[in-house]
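These are my notebook entries on a single structure. I set down what I looked up, in the order in which I looked it up.

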Amino acid sequence: MSEITRLFGNRADAYASFRPQYPEALFDWLAANSPGRERALDIACGNGQASRPLLGRFQQVLACDGSPEQLRAAPDLAGIGCFAADAGAQPLSAASLDLIVVAQALHWFATPEFFAETRRLLRPGGLFCAWCYSLLRIDDALDALLDDFYWNTLGGYWPAGRASVDAGYRDIQPPFSRISVPAFAIELEWNLAQLEGYLGTWSAVQKLQQASGRDPLLELQPKLRQVWGDGQQKRFVRWPLHFLAGFPNPPHP
């Protein structure tokens, strides 16, 4: 089991509770740009945030993750074919998928072997789409506090691959031409407890805790609560999404 699989498996319940949901318009776009709507696969599905919205848009939705704990913690995967598998070794037939999605995970396994596997799995004209989001934005004061926490407090504890998220996946060069995706974003209203729960799912928080015995969230909380004010007050939270998408197997002429 890889370090990343262990990190997310250890916090699977929190991940299921606090990770933000993606906009429905994104899944409309994915369905509209796939060559068919028969079969879709969500790789590194986590708790199924990108799997569930594909239901109703595709006849069959499959979801895999390297962490069985993540699959067990998912709140509702009814109707989805779930299985544990490494991202680059899928127990599926060649040319059997219309769509492959990877949500907030490609940076952990963006290898030539993985992209070769996506090419094997997709039908001619099949769509591959991965996306990520980095720092949330709220307001100037909270953004400055979270930026300091992200870059300075946690700076030495992010696992390898996280830099690709900060680069918006611009540093990943897939073996196919990229296509543009509309400017989607996650937009929510959260109270302070929801924000703190989300920060607790960050892999660097867990790594710092394991390495030093310190809890960086306990150290951050007084400053965070001072700037936030009334903890029950809802604030608008936004994460811009960044995409890597294309057609690994061009459609037949």
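**Entry 1: Ala-193**

I began with Ala-193, which is partly exposed, with a relative accessible area of 47%. The model I consulted is a predicted one. I then looked up where Ala-193 sits and found it in helix α8. I also looked up its distance to Gly-231: the two residues are 38 positions apart in sequence, while their C-alpha atoms are 7.1 Å apart in space.

**Entry 2: the start of α8**

Which residue caps the N-terminal end of α8? I found that Asn-191 does this, with a side-chain oxygen 3.2 Å from the backbone nitrogen of Ala-193. Ala-193 thus appears again in my notes, as the residue whose backbone nitrogen takes part in this cap.

**Entry 3: burial of α8**

I next asked how many of the eight residues of α8 are buried. The count is six, so the helix is largely enclosed by the rest of the structure. I listed the buried residues as Leu-192, Leu-195, Glu-196, Gly-197, Tyr-198 and Leu-199. Ala-193 does not belong with them, because its relative accessible area of 47% makes it partly exposed, and buried means under 20%.

**Entry 4: α8 against α10**

I then turned to the pair formed by α8, residues 192-199, and α10, residues 216-228. Their axes come within 11 Å and cross at roughly 150°. An angle over 145 degrees counts as roughly antiparallel, and α8 and α10 are therefore roughly antiparallel to each other. I noted that their crossing is right-handed.

For the contact itself, I recorded Leu-192, Leu-195, Glu-196 and Leu-199 on the α8 side. On the α10 side I recorded Leu-217, Leu-220, Gln-221, Leu-224, Arg-225 and Trp-228. By class, these residues divide into seven nonpolar, one polar and two charged.

**Entry 5: α6 against α10**

Helix α6, residues 140-153, also meets α10, so I repeated the search for this pair. The two axes come within 10 Å and cross at roughly 165°. Are α6 and α10 roughly parallel or roughly antiparallel? At this angle they are roughly antiparallel to each other, and α6 passes α10 in a right-handed crossing.

From α6, I listed Ala-141, Leu-142, Leu-145, Leu-146, Phe-149 and Thr-153. Their partners in α10 are Pro-216, Leu-217, Leu-220, Lys-223, Leu-224, Val-227 and Trp-228. This contact has eleven nonpolar residues, one polar and one charged. I noted that Leu-217, Leu-220, Leu-224 and Trp-228 of α10 appear both in the contact with α8 and in the contact with α6.

**Entry 6: the loop between β1 and β2**

I moved on to the loop between β1 (39-43) and β2 (60-65), where I found Gln-49. Is Gln-49 buried or exposed? It is buried, with a relative accessible area of 3%. A polar atom of its side chain lies 2.7 Å from the backbone oxygen of Pro-20.

Ala-44 has its place in this loop too. I noted its positive phi of about 60°, although Ala-44 is not a glycine.

**Entry 7: Gln-104**

My last search concerned Gln-104, in the loop between β4 (97-103) and α5 (112-121). Its phi is near 55°, a positive value in a residue other than glycine. I also looked up its burial: Gln-104 has a relative accessible area of 7% and is therefore buried.

How values were computed. Residues are numbered from 1 along each chain as its sequence is written. This is a predicted model: local features need pLDDT of at least 70, side-chain atom pairs count only at pLDDT 80 or more; totals for chains, interfaces and linings use all residues. Side-chain values use heavy atoms; hydrogens and water are left out. Axes are lines fitted to C-alpha atoms, for helices over the stretch in contact, and angles run from 0 to 180 degrees between N-to-C directions. Helices (H or I, at least four residues) and strands (E, at least two) are DSSP runs, numbered from the N terminus. Angles under 35 degrees count as roughly parallel, over 145 as roughly antiparallel, 65 to 115 as roughly perpendicular and the rest as oblique. A crossing is left-handed if the near helix is turned anticlockwise from the far one by less than a right angle, and right-handed if clockwise. Contact means heavy atoms within 4.5 Å. Ala, Val, Leu, Ile, Met, Phe, Trp, Tyr, Cys and Pro count as nonpolar, Asp, Glu, Lys and Arg as charged, and the others, Gly among them, as polar. Buried means under 20% relative accessible area, exposed over 50%, partly exposed in between (1.4 Å probe, protein chains only). A polar contact is a pair of N or O atoms within 3.5 Å; within protein, one must be able to donate a hydrogen and the other to accept it, and residues adjacent in sequence count only if both atoms are side-chain atoms.
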